[in-house]
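Reader: Hi, I have a structure to go through for class. Can you walk me through parts of it?

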Amino acid sequence: MKVRIKFAKSGAMRFIGHLDVMRFFQKAIRRAGIDVAYSEGFSPHQIMSFAAPLGVGLTSNGEYLDIEVRSHAGAEDMKRRLEAVMVEGMEILSVTALEEGTRNAMASVAAAEYSVRFRQGYAPDKGWEDRLLAFYDRPVLTVKKKTKKSEVEIDIKPYIYQLSVTGKGKDAVVHMLVNASSSGNIKPGLVMEAFLREDGKELSEFALEIRREDTFTDTGEDGNRKLVPLDAVGAGF
Amino acid sequence: MNKLALKDEILLRVEKPARYIGNEVNAVVKDRKLVDVRIAMCFPDVYEIGMSHLGIQILYDMFNRFEDVWCERVYSPWVDLDKIMREENIPLFGLESQEPVKNMDFLAITIQYEMCYTNILQILDLSHIPLRAREREGQGKGWDVPIVIGGGPCVYNPEPIAEFFDLFYIGEGETRYRELLDLYKECRRKGESRREFLRKAAELPGMYVPMFYQVEYKEDGTIKGMEPTEEGIPKTIRKEVEMNLSDTYYPKKPVVPFIKVTQDRVVLEIQRGCIRGCRFCQAGQIYRPVRERDVDMLKEYAVEMLKNTGHEEISLSSLSSSDYSGLPELIDFLIEECGERKINISLPSLRIDAFSLDVMNKVQDIKKSSLTFAPEAGSQRLRNVINKGLTEEDILKGAGLAFEGGWTRVKLYFMLGLPTETEEDIREIGALSNKIAAVFYETVPKDRRVNGRVQIVASTSFFIPKPFTPFQWAPMCTKDEFLEKAYLTRSAIKEQLNQKSIKYNWHEADISVLEGVLARGDRQIADVIERAYRKGCIYDAWSEYFHNDAWMEAFEECGVDPDFYTIRERYAEETFPWDFLDCGVKKDFLKREWEKALAENVSPNCRAYCQGCGANQFGGGVCFENRKGSNGKDKRAE
């Protein structure tokens, strides 16, 4: 059976990179005594798929991984077992079963929602919240995006599904829902960098405090987007 | 969660911030208000190396089992963070509490190799602790900075670093720390001074407080004598040994790092000591007598440790695993236990024979693994000198069996610069490598050769005489001699028929020479180490950060001649800087072994025939195996 695990990453854990989070879960699943399925061959590994890698420094309330289990004693039991082997800053949010044939976590990702704050002392000039909204209102948002080979200009407007600001000044939070699929992944930093450039500033490396709020899959049909959190397609067991 | 000691801006700027945040699985966090003694346990190298060290995991577990103690871990900040901490004056901190080391009661440093000495100074400096023990008394009672304790194999000659430590714990940590901590608590409760505590600590078994010993030198620079300067302090300090390894501290829940470290697996120490008595090997002498852990204990711990860590690999640890009497039973158990759970078993230090090949066949992917032989010397003559009881026949027979079993890669380890070594001995390295290759081509028919040919990698290190070995009297080679020997080895290999199947690597000579000075150095060396550190030397064990020029300048400026410690031939009756320590093995035994070495005579191993080394004074282990009779005396001893 395929199981989808949703977890949050916060505190000091934001300094643990994606590959190490994978290693952490491989070991955690063994500590939890979950009857996980392994691949065949001489060096078998756990069958495991992570949704979207999270950059070092970011926190998240909506990370996902899928595993394959050979037997289980229900979702509650599995969640409890996993909770018991976490560390501070890693929290299990849900454990759900996936129907046979569901695309794995990585292939399912369509979008991600982020909240973005400026670290103390890094915020742009007063009134930036309105200027950001005005920037977002433009029909075309051209940015330079670095690829492996060169730098290309792209219009990121179609990849930003929503953008809003709550709060003012040091409490201001930018909320954005952006494409996170393998074909059109947009990082929140790229959006903020484009805005700041318009505002006449460079984005400093440490200016932003970014949290991924959730990761979504698209269940819409005929080209109509219908985004739901990745665990919404799972069921209790 | 404790607030992190480093700001986000720093953690995002340095390589691998996970080195500095703590919070790992099984890391111990206690309420600071509920403990009396706080210990920072340090391995003075980068996190990935330090986290791989078993000794610290054992002591960390032991200390944290004491309710009144909180022990945390500290490692050397990597060079990127080191620079930032100096620029911004950030004090070094414990990983668990993220609080400055300076605020703790003890800073305990394990000293595993000589090339970490400048890193010890880095740790002290970044902790804002004065480098010299004498400078730490400060104002009042002298409790401004932690007591700095050293332990580990290098303390069997602590003299080059003696001035940087308040205290050395000589021997195995399981036995005396509780007493030391109780003494500390009592002294603090009574309002006694740092000096008074150290004075009393120096009376405890196994404790060496360098400031209470005065060394006198002869005109030729050798040691005349070493005397305690205070009443009641012993002239000789005997090492501490845990005689019951089956009922003592061992971690069931070792800390699991987030990032990949060198030893990313469960480590099961199956025994301490080695029966073999190779004459170059310090570990083989200082960890005597050989003591085994009970196989049932090991089974229990293996299961528990795998469960509590989630590691996918378990490794047995010992100096010579094949000599562990319960090995077949333990391996059968592990294969059964681990197979189902897809856990790998790693078996280092196995002698290559039919048994070990059968076991490796079961637990390893033959295509990926290689065979390792450590003949250490090319010729049988020289192997007799060093008492390496591995014959050419053993090697060729083992290799033949392995090739039949499908192995195609062989690693060979040798040393250059061993006492009495001749050109002929060196040439034999090439000849032996060639013979092994020839065995492959004779054994494996053409159509069964996986990659067409066998891959043999011969590596040489340079021999460094170490204290408490029969070779402690031996002169060491110069750098140029070492390099000449390496070139000769290379050309001897090139002359071989199968030279295309043999790859040759050798170590750097500069580092070996310095290691030689530090290994057999005396208190004069402290100034040189500090001078080199002030010139920017840290991470000397990392060849990319080793600056030989800076070290040579430091020797020059301090007026210390490195040759005095390396190439000089010690005279038979010479007093060595480490002679005030008693590691169990007696100096006259070592001298007998030195003479036997020069006469090319071998000594049988401890199980075959007792050589009367002196380790039976500890009253157990291999010295008393299968002994009948009530006096416990070794009947085979002379």
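Author: Let's start with a term. Two strands pair if DSSP finds at least two bridges between them. Also keep in mind that this is a predicted model.

Reader: OK, so which residue is the bridge partner of Ser315(B) in β14(B)?

Author: Ser346(B) is the partner.

Reader: And how many bridges join β13 and β14 of chain B?

Author: Three bridges. β13 covers residues 313-317 of chain B, and its pairing with β14(B) is parallel.

Reader: What's the strand order in that sheet?

Author: It runs β10-β13-β14 in chain B. The sheet is open, has three strands and pairs in the parallel sense.

Reader: Which strands stand at the edges?

Author: β10 (266-269) and β14 (344-346) of chain B. Each has a single partner strand, so one side of each has no neighbour in the sheet.

Reader: How much are neighbouring strands turned against each other?

Author: By 20° on average, ignoring direction.

Reader: Switching to helices. How do α9 and α10 of chain B pack?

Author: Helix α9 (residues 295-309) and helix α10 (residues 327-340) of chain B pack at about 20°, with axes 10 Å apart. That angle makes α9(B) roughly parallel to α10(B).

Reader: Is that crossing left-handed or right-handed?

Author: The crossing of α9(B) and α10(B) is right-handed.

Reader: Which residues make the contact?

Author: From α9(B), Val295(B), Leu298(B), Lys299(B), Ala302(B) and Val303(B). From α10(B), Glu329(B), Leu330(B), Phe333(B), Leu334(B) and Glu337(B). By class, the contact of α9(B) with α10(B) has seven nonpolar, no polar and three charged residues.

Reader: What about α13 and α14 of chain B?

Author: Helix α13 (residues 392-404) and helix α14 (residues 423-443) of chain B cross at roughly 35°, and their axes come within 9 Å. The crossing of α13(B) and α14(B) is right-handed.

Reader: Which residues meet there?

Author: Those in α13(B) include Ile395(B), Leu396(B) and Phe403(B). Among those in α14(B) are Leu432(B), Ile436(B) and Phe440(B). By class, the contact has eight nonpolar, two polar and three charged residues.

Reader: Last topic. How many residues of chain B are in contact with chain A?

Author: 21 residues of chain B, in contact with 19 residues of chain A.

Reader: Which helices of chain B each supply at least two residues there?

Author: α1 (8-11) and α9 of chain B. By class, the side of chain B that touches chain A has eleven nonpolar, five polar and five charged residues.

Key:
Residues numbered from 1 in each chain as written. Chains lettered and ligands numbered in written order. Predicted model: local features only at pLDDT ≥ 70, side-chain atom pairs only at ≥ 80, totals over all residues. Axes fitted to C-alpha atoms, helices over the stretch in contact; angles between N-to-C directions. Helix = DSSP H or I, 4+ residues; strand = E, 2+ residues; numbered from the N terminus. Parallel < 35°, antiparallel > 145°, perpendicular 65-115°, else oblique. Left-handed = near helix turned anticlockwise from the far one by under 90°. Contact = placed C-beta atoms within 7 Å. Nonpolar A, V, L, I, M, F, W, Y, C, P; charged D, E, K, R; others polar.
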